[in-house]
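Trainee: Could you take me closely through the part of this chain that carries a domain annotation, and set that part in the context of the whole model?

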Amino acid sequence: MSANAVEKSENQEDTMRRFLILGYGAICYVVFLAAFLYAIGFVGNLVVPHTVDNGIAASTAEAVAVNIVLLALFALQHSVMARPAFKQRWTRLVPTTIERSTYVLLASLLLFLVFWQWRTMPATIWHVSWPPAKLALQVLFWLGWIVVLSSTFMINHFDLFGLRQVYLAARERPYTNIKFRTTLLYRLVRHPLMLGFLVAFWATPTMSAGHLLFAVMTTGYIVMALPIEEHDLSRALGEEYRQYRDRVPMLIPGLRPRRRRFTVDSGPQPT
């Protein structure tokens, strides 16, 4: 085989590799988008066939056990795979260019597992029938989802869901970290995305036992996971993030944050 033929073959292989990377990232993003839209219907009992109040019929004991396991699986994947120590080992198997896309894909598939296997717990905890209050809760529900989605664009939506990484790889450009910035909602709370989820999960005119379990479990996960995430952010971003943490509340706008410091080795230490 001539040198020109070898070079042409290598160029074709390189083009195919870059095309596959970009295509994989796009597929992962589409799966995420489908899971996100389904989640709105699932929590709000809208359009989709399986919702938080219309899942698989089961006894109370089975429903509680299965639903807790489903949510725990999602929380475990979502938290463990986001840790830097796991990423260092994981990227020995998965190329760094598609690591984020793979994380997004697995999280989305686990969400679909939750939607598919969710057990119905129909007992009513509360029901709001007064029209103004019912309307207010419905507005809050949609406002929560708007906050979730808009918050991703206030940092970098495409980096968060892996598209920027695969795009740069397809263009054979090196990946660069997104510069830390605090825009719009991030000046009010440190985690507006999670705040949006909490609002959307709890704002409902009719709270069933299943919906309450979902809201309590996801709230508990968020409350426990955020300090771990902030520890990683403090180590990665240093003093700039620690100063931000000390002046901006975590989840509740206007609440004065508790001043504390993270050391690199031992985690959060009170001052």
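Mentor: A word on charges comes before the rest: Lys and Arg count as positive and Asp and Glu as negative, while His and the chain ends are left out of the count. On that basis the chain of this predicted model has 26 positive and 16 negative side chains, with the centres of the two sets 8 Å apart.

The part you ask about comes from a UniProt record, an unreviewed entry, which lists residues 68-204 as "domain: NnrU". Over residues 68-204 the chain is 66% helix and 3% strand, and the C-alpha atoms at the two ends of this span lie 21 Å apart. The unreviewed entry also carries the annotation "transmembrane region", which covers residues 21-43, 63-81, 102-119 and 139-163. Of these spans, residues 63-81 are 95% helix and 0% strand, with end C-alpha atoms 27 Å apart, whereas residues 139-163 are 88% helix and 0% strand, with their end C-alpha atoms separated by 31 Å.

As for the setting, the chain as a whole has ten helices and four strands, which follow one another from the N terminus in the order α-α-α-α-β-α-α-α-α-β-α-α-β-β. Its C-alpha trace spans about 80 × 50 × 35 Å along the principal axes, and 42% of the 271 residues count as buried. Among the contacts between residues at least 6 apart in sequence, 72% join residues at least 24 apart. The chain exposes about 15,200 Å², of which carbon and sulfur atoms supply 67%.

Terms used:
Residues are numbered from 1 along each chain as its sequence is written. This is a predicted model: local features need pLDDT of at least 70, side-chain atom pairs count only at pLDDT 80 or more; totals for chains, interfaces and linings use all residues. Side-chain values use heavy atoms; hydrogens and water are left out. Buried means under 20% relative accessible area, exposed over 50%, partly exposed in between (1.4 Å probe, protein chains only). Contact means heavy atoms within 4.5 Å. Accessible areas come from the Shrake-Rupley method with a 1.4 Å probe; for residues, only the protein chains shown count as cover. The place of a charge is taken as NZ of Lys, CZ of Arg, CG of Asp or CD of Glu. UniProt positions are given in the numbering used here, feature names are shortened, and annotations may be inferred rather than shown by experiment.
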